[in-house]
Amino acid sequence: MAKRRILAGGIAQESHSFNPVRTGRSWFTIRAGAEAVETARGSNSVLGGIVDAAAENDIEVIVPVMFRAQSGGPVEDTVFAEMRDRMCDAARRGDFDAIVLPLHGGMLTPSLEDPEGALMMALRHIVGPEMPLTAGFDLHAHVTPEILAHCNLLAGYLTNPHGDQGNTGRRAFLAALDMLEGRLQPALAAVHLPMLTLGNDRTDEDPLLSLHARARAAVEAGVACDVSIFNAQQFLDVHGLGQWVLAYGNGTAPNDLALELAQTLWARRRELIGSYPALDEYLDRAAHGMERPLILGDQGDRVAGGSPGDGTYVLRALLARDSLPPSAIPIADVRAVQACQAAGQGATVTLTVGGRYSTVSPPVTVTGEVVSVGNSAQVVYDGPADAGYRTTLGDYAVLRVGKVHLILTDQPYSYLDPGYFRAMGVDPARMGIVITRSGYHFTLNYAAIGECVTVDTPGMTSYRVAELPFTKARPFFPLDEMDFTPRLHVVGGVSP
Ligand SMILES: [Zn+2]
C-alpha cells in the first residue's frame, strides 16, 4: 500500500474584538513544506504533536502553509484569504488521505466572525463528506456550529495554563487515523452554555479540575473517546460566544456525559469568576526584598489575551517608586523603537512611550540610556509550554531609565517565555521584577526563575468585562442574569 499522507496547516491566532490594531501579515511566522514540518518536529505545539504522531505511524505530513501570530486585533482579511487559498489549492491537488488542522480557534477578521469555520467549510467542500477532517484548538477557542458540522473531531487543550499543545495535536491526528483504519466513527454530544469564565479558568484548580477529572475517567472507562471543555476567550464580541462541552463517542454520542459536564459547569459558574491581588501589594513586597525575582502578569494589558501591549499603568507604578529592585517591562511602540535606533546604542534619549491604544493610562515621557538596539532576534522557548518553539522578533530597543529596563518593540509580544527577554539581551533571572503580557501561561515557563503572580490592572484585557462594549455576544453570564437550562446541541441545526 502506498504511504499515507495527511494535510495539515492553517492559521493560529486569537483575536480581541475591541483591539483597534489589526494583525497584519508581517506579524505572522509563516512556514510551509519541509521547513514547517521539521521546525515543528519534537516541539510541544499542536503541529508538533501531529508531526510526531504521524512519524510514529509512518504517515507523511504535507503542510501547504502554517501562519502563526501572537494574540491581538482582528487579522487582515487578505492574510486569511492567502492562507485559505494555499490550503484549498493543496486540497484540490489531492493525493492525501485525511486533513488534521492545527488551529487556535477564536480568530476574527474584519469580515468574518468564524474564520476557522470558513476554512473548514472550504476544505470540506473540496474533499467531500467522507474524508476524515479533524482539528486541534486552544481551549479558549470560539467554537461554532459550522466548525462542529464540518470537522469530524475537534480536540481542545485540556490544560490551562496550557501545557498539552502537542498532545492535542496527537489526539486530533489519532482520531483521523482511527477513522482511516475504520476503527472510529465519531459521534458528537455537544452542549453550549451562554457564559464566560472570568479569571478562574485554571484546570489545576476547581471547578475545572474536577470537571476534567470526570471527563478523563469517562474516556478511560470507554464512555467517550474524546472530551473537550472549551472556555471561550473573553474578548470576542461574536454571536454564540460561550462555553462548549464536546464529548465524542464511537458510533454512539455520549449524551448523558456531555449534559452532566455542562450542567456542572453551569451550576458552578459563579466559581469561575476570579479575583486578583493589587499591583501595589506586590510592589511593596518587592521593595522589601524577595528571594526570587517577581514575575508579574499585567492582567489589563495581556497581549496573550489580545491586548495592544502598550499599556503604561505598570510602568508608571515602577517609575514612581525609587525603592524597587531592577525591573524589565515590555512596551510595544514602533516610534519609540525607531527613535532609539536613530539615536544608537549608548545615547541618552528623551521619549514619550506607550499609551497609544491602551488608553487607561496615558503615554509616559522618560529619559534614559539606549542599552541596545536590534532586529531579527531569535526566540527559542524554554518551555515546558511550547518548548522548542522558535520565532523571530522585529525591531527592538532596550532603554534603561534608572532601574527600569524598558523593552521597546515594534509589535506586541506576550512574553510567554523567558526566551523573549534573553533574545533582546535582558536576562530576566537577574531582574528583581519582570512584567509579562500574559495572565496564566507565563506561570509555567517562568516558574523556574521567579515567583509568578498576575495582578489586577485596568485595561482592554481586564476581567471587568462590564466595561467593554459587547453587543453581538450578549446575553451571557455574568453580564446578564438568565434563566437557562443546558441542552444538547443538534449538529447541523440552528445556532445557539
Ligand atoms: Zn488559551
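Helices (H or I, at least four residues) and strands (E, at least two) are DSSP runs, numbered from the N terminus. I use those labels below, and I note that the model is predicted.

**Entry: second largest pocket**

I looked up the second largest pocket and got a volume of about 460 Å³. Helix H6 (165–180), helix H7 (208–220) and strand S10 (226–231) are the elements that each give two or more residues to its lining. H7 supplies seven lining residues, the largest share. The lining of this pocket counts 21 residues in total. I noted the ones nearest the centre of the pocket as Arg171, Val219, Cys225, Asp226 and Val227. Sorted by class, the 21 come out as 11 nonpolar, four polar and six charged.

**Entry: zinc ion**

Which protein atoms act as donors to the zinc ion? I found Asp138 listed twice, each time through OD, together with His140 through ND1 and His162 through NE2. The distances to the zinc ion run from 2.1 to 2.4 Å. I wrote the sequence spacing of the donor residues as D-x1-H-x21-H.

I then checked the geometry. The angles among the four donor atoms span 54 to 144°. Four donors count as tetrahedral if all angles lie between 85 and 135 degrees, so I did not enter the site as tetrahedral; the site is irregular.

I also looked up the accessibility of two of the donor residues. Asp138 has a relative accessible area of 4% and His140 one of 6%. Buried means under 20% relative accessible area, so I filed both Asp138 and His140 as buried.

**Entry: cavities**

Rolling a probe the size of a water molecule over the atoms shows where empty space is left. I found three cavities of 30 Å³ or more in the structure.

The largest cavity holds about 50 Å³ of space. I listed its lining as Asp298, Gly300, Asp301, Ser307, Gly311, Thr312, Tyr313, Ser358, Val360, Pro458, Gly459 and Met460. By class that lining gives four nonpolar, six polar and two charged residues.

For the second largest cavity I noted a volume of about 40 Å³. Thr23, Trp27, Ala69, Gln70, Ser71, Gly72, Gln411 and Pro412 line this cavity. How many charged residues does the lining of the second largest cavity have? I found no charged residues there, with three nonpolar and five polar making up the rest.

**Entry: annotated spans**

I took two spans from UniProt, both from an unreviewed entry. The record places "domain: Microcystin LR degradation protein MlrC N-terminal" at residues 5–286. Over residues 5–286 I have 37% helix and 18% strand, with 54 Å between the end C-alpha atoms.

The record gives residues 297–472 to "domain: Microcystin LR degradation protein MlrC C-terminal". For residues 297–472 I have 15% helix and 30% strand, and the end C-alpha atoms lie 29 Å apart.

**Entry: backbone exceptions**

Most residues other than glycine have a negative phi, and most peptide bonds are trans. I looked for departures from both.

Two peptide bonds were entered as cis. The bond between Asn160 and Pro161 is cis, with omega about 0°. Pro161 sits in the loop between strand S8 (153–156) and H6. The bond between Arg474 and Pro475 is also cis, with omega about 5°. I placed Pro475 in the loop between strand S21 (451–455) and strand S22 (488–489).

I then noted positive phi at two aspartates. Asp58 has a phi of about 55° and lies in the loop between helix H2 (46–56) and strand S4 (60–62). Is Asp58 buried or exposed? I got a relative accessible area of 53%, so Asp58 counts as exposed.

Asp386 has a phi of about 60°. Its loop runs between strand S16 (378–380) and strand S17 (390–392). With a relative accessible area of 8%, Asp386 went down as buried.

**Entry: Tyr446**

Last, I looked up Tyr446 and found it in helix H13 (residues 442–446). Its relative accessibility is 0%, so I recorded Tyr446 as buried. I also took the spacing between Tyr446 and Pro428: they are 18 residues apart in sequence, and their C-alpha atoms are 9.1 Å apart in space.

Key. Residues numbered from 1 in each chain as written. Predicted model: local features only at pLDDT ≥ 70, side-chain atom pairs only at ≥ 80, totals over all residues. Heavy atoms only, no water. Donors = N, O, S within 2.8 Å, 3.2 Å for Na, K, Ca; no water. Tetrahedral: all angles 85-135°; square planar, octahedral: opposite > 155°, others 65-115°. Buried < 20%, exposed > 50% of the residue type's maximum accessible area, 1.4 Å probe, protein only. 1 Å grid on protein atoms, 1.4 Å probe; cavity = no way out; pocket = protein on both sides within 12 Å on 5 of 7 lines; lining within 4 Å. Points joined across faces, edges and corners; volume = space filled by probe spheres on them. Nonpolar A, V, L, I, M, F, W, Y, C, P; charged D, E, K, R; others polar. UniProt positions renumbered as here; feature names shortened; annotations may be inferred.
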